[in-house]
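Student: Could you take me through a close look at one part of this model, the surroundings of the ligand, and then set that part in the context of the rest of the chain?

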Amino acid sequence: MSKRKPEWIPEGAGPEYASRVMSPKAANTITTKAPWRKSRSKYDLDALQAGILRGDRATLSRAITLIESNSPSHFAMGQELIKRVLPHTGSSTRIGITGVPGAGKSTFIESFGCYLISQGKKVAVLAIDPSSSISQGSILGDKTRMEKLSRNEHSFIRPSPSSGVLGGVARKTRESMLLCEAAGYDTILIETVGVGQSETTVRSMVDIFMLIQIAGAGDELQGIKKGIMELSDLIIVNKADGDNIQAAKMAKAELDHALHYIQPSTKGWQSQTLLCSALEGTGLDAISDKIDEFIANTKKSSMFLTRRKDQVLHWFDALLDEAVLAAIYGRAGVKERISVLRNEARENQKPVVLAVQEALEELKLDGY
Ligand SMILES: Nc1nc2c(ncn2[C@@H]2O[C@H](COP(=O)(O)OP(=O)(O)O)[C@@H](O)[C@H]2O)c(=O)[nH]1
Ligand SMILES: [Mg+2]
């Protein structure tokens, strides 16, 4: 019995830790449809590849579930799938969207997405939301606000993967984006809520980055921090409607002024502000035109391609760093030995530098 106790139950815990651990036999009778229980044969690579290239949404959805899976065999299949569709990726416009909760990101994506589709585009919406394990994903939580867009056959909406650290979520979003491109989506909108590192992460995978602001919420609240403005190519002042039009215009003027003092996000492009009402659908055409102008501009200066290549390199370097560290620390006995050294340093039994040196010897790495 004690062998089947989940490891998170404290030693000597009483019945207040209500838990049932099923026997393997009982677990086998579960008929769940959860993706990780799908047998290997359910993922037919040829079929996935063909379905994606045909633009079939159900297949695309399944393929994203595959690359989001944490199982090692799914990982290998997912990478093979990405490899196969890679020649069909890269031709979309990748747009990042950020802003504080309540700024109107979801409403904006709904109306802007519908606008783009009315112009003949195919729109995929993805999200990076590090808080999504709590909020169930920013997109999913706001599904009602994207009802029209989600019903449109030229759209594809995928809530953010809800598990894992930002790095893992970022990989999944990046790969989802590639799959969407292979499926023929020519515009990818990646939403992120403005917390911590997530804007930088989204900026590192898109061509153009937009910050959605509203008038009168206060600079602090809106995070008009230099950092976020420096990442943004376009700043949209939303909710420019009804009684709020004057205030929105004033906010725009202030932002225009502030932009003079900050480093542009994209070399050769002066970051700009635009007004819109996501609710009433005004200003969307001007935003779309501005995005087109940005893309044309950066393509002409070759900044577009340079940035994309740099983004891939940056991605490569980050993954390699992570993998190298994992490989080194993952060696047998290393963790235990290092924890002894850490403790000796902590308790002043050994100088820190010496402890680190011994750790390096332990890891069979020279130098320091
Ligand atoms: N008046 C007005 N309200 C808006 C506009 N865009 C969004 N809202 C409202 O602002 C609230 C937050 O919008 P939401 O899209 O959920 O913001 P998000 O948290 O940034 O995704 C909702 O009540 C929306 O109806 C707009 O253009 N004008
Ligand atoms: Mg939202």
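Tutor: A residue is taken as near a molecule if its C-beta atom, placed from the backbone, lies within 6 Å of it. In this predicted model, 16 residues lie around ligand 1, and those that come nearest are Gly104, Lys105, Ser106, Thr107 and Leu279. Helix α5, which spans residues 105-118, supplies the largest share of the shell around ligand 1, namely three residues. Sorted by class, the shell around ligand 1 holds seven polar, five charged and four nonpolar residues.

Elsewhere in the protein, a helix pair can be described in similar detail. Helix α2 (residues 45-54) and helix α3 (residues 57-68) have axes that come within 8 Å and cross at roughly 130°, which means that α2 is oblique to α3. The crossing in which α2 passes α3 is left-handed. On the α2 side the residues that meet α3 are Leu48, Gly51 and Ile52, and on the α3 side their partners are Thr59, Leu60, Arg62 and Ala63. By class, this contact of α2 with α3 comprises four nonpolar residues, two polar and one charged.

As for the wider setting, the protein contains 17 helices and seven strands, and of its 368 residues 33% are buried. Among the contacts in the protein with a separation of 6 or more, 72% are between residues 24 or more positions apart.

How values were computed. Residues numbered from 1 in each chain as written. Chains lettered and ligands numbered in written order. Predicted model: local features only at pLDDT ≥ 70, side-chain atom pairs only at ≥ 80, totals over all residues. Axes fitted to C-alpha atoms, helices over the stretch in contact; angles between N-to-C directions. Helix = DSSP H or I, 4+ residues; strand = E, 2+ residues; numbered from the N terminus. Parallel < 35°, antiparallel > 145°, perpendicular 65-115°, else oblique. Left-handed = near helix turned anticlockwise from the far one by under 90°. Contact = placed C-beta atoms within 7 Å. Nonpolar A, V, L, I, M, F, W, Y, C, P; charged D, E, K, R; others polar. Buried ≥ 20, exposed ≤ 12 C-beta atoms within 10 Å, placed from the backbone.
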